[in-house]
Amino acid sequence: MSVTSNNPLWLAPMADITAWPVRKMCFHLGVGLAHTEMISAKAVVDKNQSVFPSLFRHPNEGPLVLQLFSGNVDFLLEAAEEALKVSSFEALGINMACPSKKVMASGGGAAMIFCPDVATQMIKETKALGLPICVKTRIPSHNLHDAVKWCELLVSSGADNVAVHARTPSQGYNGISDKNIMKEIAKAFPGMITATGDVFTSGDVVEYLEMGCKSVLVARGALKNPFMIPDALKALGYFADFKDSFKSRVDVFRTFLIDLCEIEDNSGMHLLRHFLSCIFKGMPRASYMRSSLANAGSIAKTKELFDSYINDFNNLYAKGEQ
């Protein structure tokens, strides 16, 4: 089985970030595939109600990968089966990359790198669900042999795609991703490797693909500037429906606010704050507006302030044109 999309730029799974309004916005901007938030398999098995909104899929989303983490094979399999009763997904993702102490203490995330037998069993058993299996992982060390051997284990166990973040678990998000190792891994497993880590510009995306990676995950770069997505697609020669302008950015952000109104408000405000820095860049009173929206207290109030600001700006612009 293969993981398919209409382009190689994919949205990475990000805990507490890649909820459906964020994914929907990024699909509109052009990503070919997206991931759910990283979801605890145990929370799904225990029927923790707080986790089920993370399984919701909006009808206007494109190809979507369900991303789960667990240190227990049975929990992972049961959680995947339960999740598939809630929504449909194009692939199942197993997180073997998260360096969070809490996640690793549960045996999941990057702790899986130190449990190769469990990792192998997880991949083999989840293949029975009939979906492509995507593994997101880190490298065990900066020794090329170790990194290639680990990826070889994942591929030989049945992983259809391996997203490699070329940092070790102990690095967290410090230092830089080891692109020399990424290049060698991509060469060793052609058509199987997705690159992730330090993707902030269209140049970063192009560089990874030129190394031989099948696709590239965008994460923190999209939080800082989601409009890097159409920029990167343009650099790759893909047609993008999104035409960048202040008006188009306003339309994207207004739709995002409308979508945020449909989820629990505290979550909506949390997601909103991640995307404020780029919306008003270069505009009059930009800092004031970012601060006002961040402290509005509710998404409904935020939308009211946003529309008022845009109306004032348009009125000033119209007067200047006269």
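Q: Helices (H or I, at least four residues) and strands (E, at least two) are taken here as DSSP runs, numbered from the N terminus; between which two elements does the loop that holds Lys47 lie?
A: The model is a predicted one, and in it the phi of Lys47 is near 60°, a positive value in a residue other than glycine. Lys47 counts as partly exposed, with a relative accessibility of 46%. The loop in which Lys47 lies is bounded by H2 and strand E4 (64-69).

Q: Is Asp16 buried or exposed?
A: Asp16 is placed in the loop between strand E1 (9-11) and H1, and its phi is near 65°, a positive value in a residue other than glycine. The relative accessible area of Asp16 is 53%, and the upper class begins over 50%, so Asp16 counts as exposed.

Q: Which residues lie nearest the centre of the largest pocket?
A: The largest pocket has a volume of about 840 Å³, and helix H1 (20-29), strand E3 (39-40), helix H2 (41-45), helix H4 (101-105) and helix H12 (265-274) each supply at least two residues of its lining. By class, that lining divides into 17 nonpolar, eleven polar and five charged residues. Of the 33 lining residues, those nearest the centre are Asp16, Glu37, Met38, Val51 and Ser54.

Q: Which element gives the largest share of the lining of the second largest pocket?
A: The second largest pocket has a volume of about 460 Å³, and of the 25 residues that line it, Pro13, Met14, Tyr173, Ala219 and Arg220 are the closest to its centre. Two elements give two or more residues to this lining, namely strand E6 (133-138) and helix H9 (220-224). The largest share amounts to three residues, and it comes from H9.

Q: Which element gives the most to the lining of the largest cavity?
A: The structure holds one cavity of 30 Å³ or more, and about 50 Å³ of space lies in the largest cavity. Its lining includes Trp10, His35, Cys134, Val135 and Lys136, and its residues divide into six nonpolar, five polar and one charged. Strand E5 (91-96), E6 and strand E7 (161-165) give two or more residues to this lining, and the element that gives the most, with three residues, is E6.

Q: How many disulfides does a search of the whole structure find?
A: A disulfide would need a pair of cysteine sulfur atoms within 2.5 Å. The sulfur of Cys98 is the nearest cysteine sulfur to Cys115, and it is 15 Å away; for Cys134 the nearest is that of Cys151, at 14 Å. For the whole structure, the number of disulfides found is zero.

Q: Is Cys134 buried or exposed?
A: Cys134 is one of the residues that line the largest cavity, whereas Cys115 is partly exposed, with a relative accessible area of 33%. The relative accessible area of Cys134 is 7%, and the lowest class takes values under 20%, so Cys134 counts as buried.

Q: Which residues touch the most other members of the largest nonpolar core?
A: In soluble globular proteins, nonpolar side chains tend to be buried together. The largest nonpolar core here has 108 residues. Leaving aside residues up to four places away in sequence, Met182 touches Val164, Ala166, Ile193, Thr194, Ala195, Tyr208, Met211 and Cys213. The core residues that touch the most other members are Met96, Met182, Ile185, Phe253, Phe280 and Phe306.

Methods: Residues numbered from 1 in each chain as written. Predicted model: local features only at pLDDT ≥ 70, side-chain atom pairs only at ≥ 80, totals over all residues. Heavy atoms only, no water. Core = buried A, V, L, I, M, F, W, Y, C linked by side-chain atoms within 4.5 Å. Buried < 20%, exposed > 50% of the residue type's maximum accessible area, 1.4 Å probe, protein only. Contact = heavy atoms within 4.5 Å. 1 Å grid on protein atoms, 1.4 Å probe; cavity = no way out; pocket = protein on both sides within 12 Å on 5 of 7 lines; lining within 4 Å. Points joined across faces, edges and corners; volume = space filled by probe spheres on them. Nonpolar A, V, L, I, M, F, W, Y, C, P; charged D, E, K, R; others polar.
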